[in-house]
Amino acid sequence: MKYISTKNKQHQVSFREAVLTGLAPEGGLYMPETITPLPQEFYDNMESMSKEEIGMAVMKQFVSDEIDEASLLDILKDTLAFDFPVVHLHDNIYTLELFHGPTLAFKDVGAKVMARCLSHFLKVDERITILAATSGDTGSAV
């Protein structure tokens, strides 16, 4: 899986490089070059799958072989260690409540996955400084 910059499609990097660098050199965001839709079988079996199994099915194409399955499963187990219910709103409309995590922010899922991926890629003695500016719930989640 290659990631391209939103400001320069010729600039391509691996998942690892996108996670470690954050932003593309020209200030663009990294986006997957392609996104393959999940097969119908996934949707047919989703109700019987665990959160981690769903996460694996969704994440695999984005991390490719850059994170082995055992490590990715560990990342997902740690990240998805709280309940986030699917709530019925009306007729065939549902919502996924992602604000039940440790900081009560929807970013407890996405930001924690990225933080755990970042930790996975760092060497044991390597350190990284993350600078984030926020005006809401992002700071505590990150």
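Is Lys-60 buried, partly exposed or exposed? At 39% relative accessibility, Lys-60 counts as partly exposed, because that value falls between the limits for buried and exposed. Lys-60 also has a charged partner, and we will come back to that pair after a look at the whole chain.

## The overall picture

Please keep in mind as you read that this is a predicted model. The chain has 142 residues, and 29% of them count as buried. Its C-alpha atoms fill a box of roughly 45 × 35 × 30 Å along the principal axes.

Six helices and five strands make up the secondary structure. Going along the sequence, you meet them in the order β-β-α-β-α-α-α-β-β-α-α. Among the contacts with a separation of 6 or more, 51% are between residues 24 or more positions apart.

## The nonpolar core

The largest nonpolar core brings together 24 residues. Within this core, Tyr-3, Phe-15, Ile-67, Leu-72 and Cys-117 have the most contacts. Helix H1 (15-21), H3, H4 and H5 are the elements that each give two or more residues to the core. The biggest contribution is that of H5, with five residues.

Cys-117 is a good place to start exploring on screen. Leaving aside residues up to four places away in sequence, Cys-117 touches Phe-15, Val-19, Ile-67 and Ile-75. Two of these names, Phe-15 and Ile-67, are also listed with Cys-117 among the residues with the most contacts inside the core.

## Salt bridges

The structure holds four salt bridges. One of them joins the side chains of Lys-60 and Glu-69, with an N to O distance of 2.6 Å. You have already met Lys-60 as a partly exposed residue; its partner Glu-69 is partly exposed too, at 48% relative accessibility.

Asp-78 takes part in a network of salt bridges with Lys-112 and Arg-116. In the bridge between Asp-78 and Lys-112, the closest N and O atoms are 4.0 Å apart. Lys-112 belongs to helix H5 and Asp-78 to helix H4, so this pair ties together parts that are 34 residues apart in sequence. The side chains of Asp-78 and Arg-116 meet at 2.8 Å, N to O. Here again one partner, Asp-78, lies in helix H4 and the other, Arg-116, in helix H5, so the pair ties together parts that are 38 residues apart in sequence.

How accessible are the members of this network? Asp-78 is partly exposed at 29% relative accessibility. Lys-112 is partly exposed, with a relative accessible area of 27%, and Arg-116 is partly exposed at 27%.

## The second largest pocket

Rolling a probe the size of a water molecule over the atoms shows where empty space is left. The second largest pocket has a volume of about 750 Å³. Its lining is made of 24 residues, and those nearest the centre are Lys-51, Ile-54, Gly-55, Phe-84 and Leu-96.

Which helices supply at least two residues each to the lining of this pocket? They are helix H2 (40-45), helix H3 (51-63), helix H4 (69-79) and helix H5 (107-121). The largest share, five residues, comes from H3. By type, the lining of the second largest pocket divides into 17 nonpolar, four polar and three charged residues.

Note on methods:
Residues numbered from 1 in each chain as written. Predicted model: local features only at pLDDT ≥ 70, side-chain atom pairs only at ≥ 80, totals over all residues. Heavy atoms only, no water. 1 Å grid on protein atoms, 1.4 Å probe; cavity = no way out; pocket = protein on both sides within 12 Å on 5 of 7 lines; lining within 4 Å. Points joined across faces, edges and corners; volume = space filled by probe spheres on them. Helix = DSSP H or I, 4+ residues; strand = E, 2+ residues; numbered from the N terminus. Nonpolar A, V, L, I, M, F, W, Y, C, P; charged D, E, K, R; others polar. Core = buried A, V, L, I, M, F, W, Y, C linked by side-chain atoms within 4.5 Å. Buried < 20%, exposed > 50% of the residue type's maximum accessible area, 1.4 Å probe, protein only. Contact = heavy atoms within 4.5 Å.
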